Amino acid sequence: MTETSTPRQVLFYEQGASWWWLLAGPAAGIAMALIQLSAGYGIQWLVPGIFFVLVTGFLAIQVKAARIHTSVELTPDQLRQGEERLSIDEIVRIYPEPSGPEPPKWQSSRALGELTGVPRGRTGIGLKLTNDRSAQAWARKHKRLRTELTRLVEERIPPERTS
């Protein structure tokens, strides 16, 4: 008897970095060849080849690291930030967006993932966790992630009513 697994539903996803950046390697090689041509030396393939290999290799390492450490995935059961996974059941509340000159306390909380802070180009989202802990989720499209997280938490825990 074989068990069929249902594909997990992904509510939000950011890949971290695009492989399109690797096109800078060939562009660097072509630029060096054009510089040689414009100087009147003809093309010696060694220098453009070295630029092509070095730029492409360096960027491949950077893109691979970014795809591992700055990717975000939200499913109905868990939030993955880089390599760290957080169960949605551990999230008690989503803090409101910061407003005013004073930064909110949650902005000094640790960022989820294995990085030391919120990655560049991303915006933090304050989370109150179980056992009186707090943390920051983060994403480029933070408003969309905030909306999805809020919806998931409110499905589980209805919002507090003020009377």
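This is a short tour of one sheet, the helix packed on it, and one residue in another helix. The model is predicted.

**Stop 1: the sheet.** Select residues 91-94, which are strand 5, then residues 123-129, which are strand 6, and residues 133-139, which are strand 7. Together these three strands form an open sheet in the order 5-6-7, and their pairing is antiparallel. Which strands stand at the edges? They are strand 5 and strand 7; each has a single partner strand, so one side of each is left without a neighbour in the sheet. Look along the sheet next: its neighbouring strands are turned against each other by 40 degrees on average, direction ignored.

**Stop 2: one strand pair.** Keep strand 5 and strand 6 on screen. Three bridges join this antiparallel pair. In general, strands of a sheet pair through backbone hydrogen bonds. Now pick Ile 94 and look across to strand 6, where Leu 127 stands opposite.

**Stop 3: the helix on the sheet.** Add residues 142-156, which are helix 3. Helix 3 packs on the sheet and touches strand 5, strand 6 and strand 7. Its direction makes about 130 degrees with that of strand 5.

**Stop 4: a residue in helix 2.** Move to residues 46-69, which are helix 2, and pick out Val 55 within it. Is Val 55 buried, partly exposed or exposed? Its relative accessible area is 25%, and partly exposed covers the range between 20% and 50%, so Val 55 is partly exposed. Leaving aside residues up to four places away in sequence, Val 55 touches Ala 24, Gly 25 and Ala 28. Select Gly 25 to finish: this residue and Val 55 are 30 residues apart in sequence, while their C-alpha atoms are 4.8 Å apart in space.

How values were computed:
Residues are numbered from 1 along each chain as its sequence is written. This is a predicted model: local features need pLDDT of at least 70, side-chain atom pairs count only at pLDDT 80 or more; totals for chains, interfaces and linings use all residues. Side-chain values use heavy atoms; hydrogens and water are left out. Two strands pair if DSSP finds at least two bridges between them. Helices (H or I, at least four residues) and strands (E, at least two) are DSSP runs, numbered from the N terminus. Axes are lines fitted to C-alpha atoms, for helices over the stretch in contact, and angles run from 0 to 180 degrees between N-to-C directions. Contact means heavy atoms within 4.5 Å. Buried means under 20% relative accessible area, exposed over 50%, partly exposed in between (1.4 Å probe, protein chains only).
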